[in-house]
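User: I'd like a close look at one part of this model: the aromatic rings and what surrounds them. Please take it slowly, since I'm new to this.

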Amino acid sequence: MDLKLCWVLATVALVSDAGVLRASRIAPSRYILSNPGRCGRPSRQSVRFGDMAGKVDKSSFVQTEMRRAAMKLHTRDQSKEGEQEKQKPISQWEMKKESVLRFLVDSKVIHSTLDRLVSEYPELSKLDEASSRIDRVPAIDVDIANIVKENPELEVPAPGADAVEYAQKLEQLAQESRPAFICHFYNTHFAHAAGGRMIGKLISDRLFDGETLEFYKYGGAEPKELLEQVRVEIDNLANGWGPDERQMCVEETANAFKGAGTVLKNLK
């Protein structure tokens with residue numbers, strides 16, 4: 001399955017098995033974060049990859065090399081750097097509560113794997129500490145419990161085979177190449193904190209009377225500030241990498257986007 005990806009609004013990917021998802025009429029993530037009730041309105045603003053704090057560090061590996069790799073996976077109508085064709089907008093996905101449950105269960109598989117792995121390697125200890133406040137697993141557990149409680153006809157599904165396979169790949173990747181694993185870790189969290197919140201708004205408006213899922217909340221904190229701390233620690237790690245390791249991280253971008261697609265396709 002050829003999964004192209006473009007995490008819109010924050011140079012992050014939103015993927016489906018049909019290709020890159022078009023979101024040319026959705027406001028960028030910085031606009032969404034400050035105006036959550038108006039995220040469907042067009043905007044000309046843009047957010048740079050890794051630029052969650054509203055500033056760009058030209059010496060930053062995340063904001064330069066990783067960003068360039070991500071931008072190539074945008075559609076051409078989203079960015080002059082994009083190389084992908086326009087595709088069906090996510091607003092046309094036919095979401096149901098049972099599909100949201102599958103999405104949450106598969107998201108838990110991926111997030112729990114990423115968070116556990118980053119805690120297992122001593123050289124990632126500072127990154128583990130910086131990312132503790134963006135841990136999404138407890139929030140996912142709350143959402144799953146609430147949905148099932150309020151909809152007793154629904155049952156919690158088993159994790160999807162694709163999500164389980166992706167989690168196994170993350171395990172292997174973390175053992176073989178920490179830089180490549182970091183690419184998946186950052187892209188997953190950045191996508192959720194930025195463009196993913198637009199998906200959360202769509203879910204809440206369509207299925208939950210405007211009530212935002214806990215998955216998209218951060219305990220009152222601004223995700224852009226929490227992600228900035230993570231970005232800094234990844235840049236610190238990258239400063240100790242050689243050229244081959246940096247390239248390994250960058251070249252893993254498309255695979256990270258494919259991994260996100262294994263979860264997002266539940267919402268189609």
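Analyst: One definition before we start: a helix here is a DSSP run of H or I at least four residues long, and helices are numbered from the N terminus. Also keep in mind that this is a predicted model.

Let's begin with the rings. Searching the whole structure turns up five aromatic pairs. One of them joins Phe181 and Phe185, whose ring centres are 6.3 Å apart with 40 degrees between the planes, so this pair is tilted. For tilted, the angle has to be neither under 30 degrees, which would be stacked, nor over 60, which would be edge-to-face.

Where do Phe181 and Phe185 lie? Both belong to helix 7, which covers residues 178-193. They are four residues apart, or about one turn of that helix. There's a handy rule behind this: an α-helix has 3.6 residues a turn, so residues three or four places apart point the same way.

Are these two rings buried or exposed? The cut-off for buried is under 20% relative accessible area. Phe181 has 0% relative accessibility, so it counts as buried, and Phe185 is buried too because its value is 0%.

Another tilted pair is made by Phe215 and Tyr216, with 5.2 Å from centre to centre and 50 degrees between the planes. Phe215 counts as buried because its relative accessibility is 1%, and Tyr216 is buried with a relative accessible area of 3%. Add Phe103 to Phe215 and Tyr216 and you have one aromatic cluster.

Rings can have charged company as well: the charged end of Arg136 sits over the ring of Tyr218, 4.0 Å from the ring centre.

Now back to helix 7, this time as a neighbour. It is among the elements covering the buried residues of helix 2, along with helix 9, helix 10 and helix 11. Eight of the 10 residues in helix 2 are buried, so the rest of the structure largely encloses this helix. Those buried residues include Met66 and Ala69, which, together with Glu65, meet Arg246, Cys249 and Val250 in helix 10. The axes of helix 2 and helix 10 come within 9 Å, crossing at roughly 30 degrees, and the crossing is right-handed.

Last, a word on confidence. The chain has an average pLDDT of 80, with 74% of the residues scoring at least 70. Residues 1-48, however, have a pLDDT below 50, although the model gives this stretch 151 contacts beyond near neighbours in sequence. Where pLDDT is low, the predicted coordinates should not be read in detail.

Note on methods
Residues are numbered from 1 along each chain as its sequence is written. This is a predicted model: local features need pLDDT of at least 70, side-chain atom pairs count only at pLDDT 80 or more; totals for chains, interfaces and linings use all residues. Side-chain values use heavy atoms; hydrogens and water are left out. Rings of Phe, Tyr and Trp (its six-membered ring) pair if their centres lie within 6.5 Å; planes under 30 degrees apart count as stacked, over 60 as edge-to-face and the rest as tilted. Helices (H or I, at least four residues) and strands (E, at least two) are DSSP runs, numbered from the N terminus. Buried means under 20% relative accessible area, exposed over 50%, partly exposed in between (1.4 Å probe, protein chains only). A charge sits over a ring if NZ of Lys or CZ of Arg is within 6 Å of the ring centre and within 35 degrees of the ring normal. pLDDT is the predictor's confidence in each residue, from 0 to 100. Contact means heavy atoms within 4.5 Å. Axes are lines fitted to C-alpha atoms, for helices over the stretch in contact, and angles run from 0 to 180 degrees between N-to-C directions. A crossing is left-handed if the near helix is turned anticlockwise from the far one by less than a right angle, and right-handed if clockwise.
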